[in-house]
Amino acid sequence: MQSKLLPRDPADGLVLKLVRQAGTHTRASLGEATGWARSTVTRRVDSLLELGLLTAGGETKSTGGRPPERFRFNEHAGSLVVAHLGVTRSRLAVVDLLGNPLEPPTDLELDLSSGPEETLPAIHEAMAGHAKHADSPPLGVGIGLPAPIDARTGLPTDPPILSAWNGYPLGAEIEDALSTPTYVEKDVNLMALGEYRRTWPRARSLVFVKVGTGIDSGMVIGGHLYRGANGAAGDIGHIQLEEYPDRLCNCGRNGCLEAVAGGRALASQISALGRKASNARSIVSLVRSGDSEVKSLVRRAGTHIGAVLAGAVSFTDPEVVVLGGDLGVESLIVASVRAEIQNRTLTLASRQLVVEPSRLGSNAGIVGAAELAVDRLWPALEPFQGIEARSNGGRSRTTVS
Ligand SMILES: [Zn+2]
């Protein structure tokens, strides 16, 4: 299915990507970044201006004489429908091309584990409602699902909590229903992408850990989402802790981090204390009410998460670890994760490491879904061609015309 804003030339995609990354560019700075001839840059920029995807604007430093014309990405060139589907709560919205909601998002309390047949009608209805409210038909749909997505098929594959969604062609179904190109990705990958692009665009690497019903993580390395060979990268929730050999996990194994420190596991530990806790949000309320026994369980969960993350930090040496999800943003979790990483990693990896709660909060998933949709609607020429040209002082020219 084609976007309504044609053409989708990967060289145009590269210009769009460079402008989105930098905020603004001039024709000269684009020439420098790509190594292309001035006439090539002008032609590409003119076609994107004509499509409305670029617009004049941005700060210009005066160097005497007429200042160069600057361009920025025009987030108002179209709208997208985005969804961050969670195990117990989902957020759907119609957004501009930067992921800013154009009207208040819809939050649905759905138990996704009951399967697609039970839950998709409500999701369809909310998406179609948002699509109808947009000024013009949406250009694309981005969806985050809390499930590993097979990199080859694009289908959810063996999701431990959402077993009923195994192999379900969610993307194709929504694409048919809304007649709009639809892209599906693991939810935490989108949260990582959203947080990276909005909050940490200059970070060399970022790990985003979602602590909600389950535990999962996504990584952006060198500006790219890192999915691994099969799409299973970042699956820290099912790393096993030896000290819990009898804690059965949804994946069928014992002692997984998620079965010890995830929201569902914590809720059952808290219920055993005689408190009412059904999900991550009710646990957060108990923590905020000052319940000391609950706080100590939550602190211990943070320590377990930190212990597993310390391994990931030693392995990938990230610049930032962002904690998200209903439980992940809780300060008690953030503090105990941070302390445990410091305890277990070498100073070189941890002395400048930032461990902080998500700044996008409950919008991280929908911002990331918008970023995914724009990336996929206007795919970019492999960026190394541009970088290669720049490292040669712009002398080499790529074959783009
Ligand atoms: Zn498991």
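**Exercise 1. Is Trp165 buried or exposed, and what is its relative accessible area?**

*Solution.* The structure is a predicted model. Trp165 has a relative accessible area of 0%. Buried means under 20%, so Trp165 is buried.

**Exercise 2. Determine how the rings of Trp165 and Tyr168 are arranged.**

*Solution.* Step one concerns the number of candidates: a search of the whole structure finds 1 aromatic pair. Step two takes the geometry: the ring centres of Trp165 and Tyr168 are 5.9 Å apart, and their planes stand at 70 degrees. Step three applies the cut-offs: centres must lie within 6.5 Å, and planes over 60 degrees apart count as edge-to-face. The pair is therefore edge-to-face. As for the surroundings of Tyr168, this residue counts as buried at 16% relative accessibility.

**Exercise 3. Explain why the salt bridge between Arg27 and Glu69 ties together parts that are apart in sequence.**

*Solution.* The closest N and O atoms of Arg27 and Glu69 are 3.4 Å apart, and the limit for a salt bridge is 4 Å. Arg27 belongs to helix α2 (residues 27–34), whereas Glu69 lies in the loop between β2 (54–56) and β3 (70–73), so the bridge ties together parts that are 42 residues apart in sequence. The accessibility of each partner completes the solution. Arg27, at 18%, counts as buried, while Glu69, at 43%, is partly exposed.

**Exercise 4. Locate the partners of the salt bridge between Glu109 and Arg281.**

*Solution.* The closest N and O atoms in this bridge are 3.5 Å apart. Glu109 is in strand β6 (residues 106–109) and Arg281 in helix α9 (residues 280–288); the pair links distant parts of the chain, 172 residues apart. With 56% relative accessibility, Glu109 counts as exposed; Arg281, with 24%, is partly exposed.

**Exercise 5. Describe the salt bridge between Glu319 and Arg204.**

*Solution.* Here the closest N and O atoms are 3.0 Å apart. Both residues lie in loops: Glu319 between α10 (292–316) and β12 (320–324), and Arg204 between α6 (187–199) and β9 (205–211), with their positions 115 residues apart in the chain. Glu319 is partly exposed at 25%, and Arg204 is exposed at 63%.

**Exercise 6. Which residues are joined into one network by salt bridges that share partners?**

*Solution.* The network consists of Arg20, Arg197, Arg198, Glu371 and Asp375. Arg20 has a further contact: its charged end sits over the ring of Phe73, 5.8 Å from the ring centre. For the structure as a whole, the count comes to 24 salt bridges.

How values were computed
Residues numbered from 1 in each chain as written. Predicted model: local features only at pLDDT ≥ 70, side-chain atom pairs only at ≥ 80, totals over all residues. Heavy atoms only, no water. Salt bridge = Lys/Arg side-chain N within 4 Å of Asp/Glu carboxyl O. Helix = DSSP H or I, 4+ residues; strand = E, 2+ residues; numbered from the N terminus. Buried < 20%, exposed > 50% of the residue type's maximum accessible area, 1.4 Å probe, protein only. Phe/Tyr/Trp six-rings, centres within 6.5 Å; stacked < 30°, edge-to-face > 60°. Lys NZ or Arg CZ within 6 Å of the ring centre and 35° of its normal.
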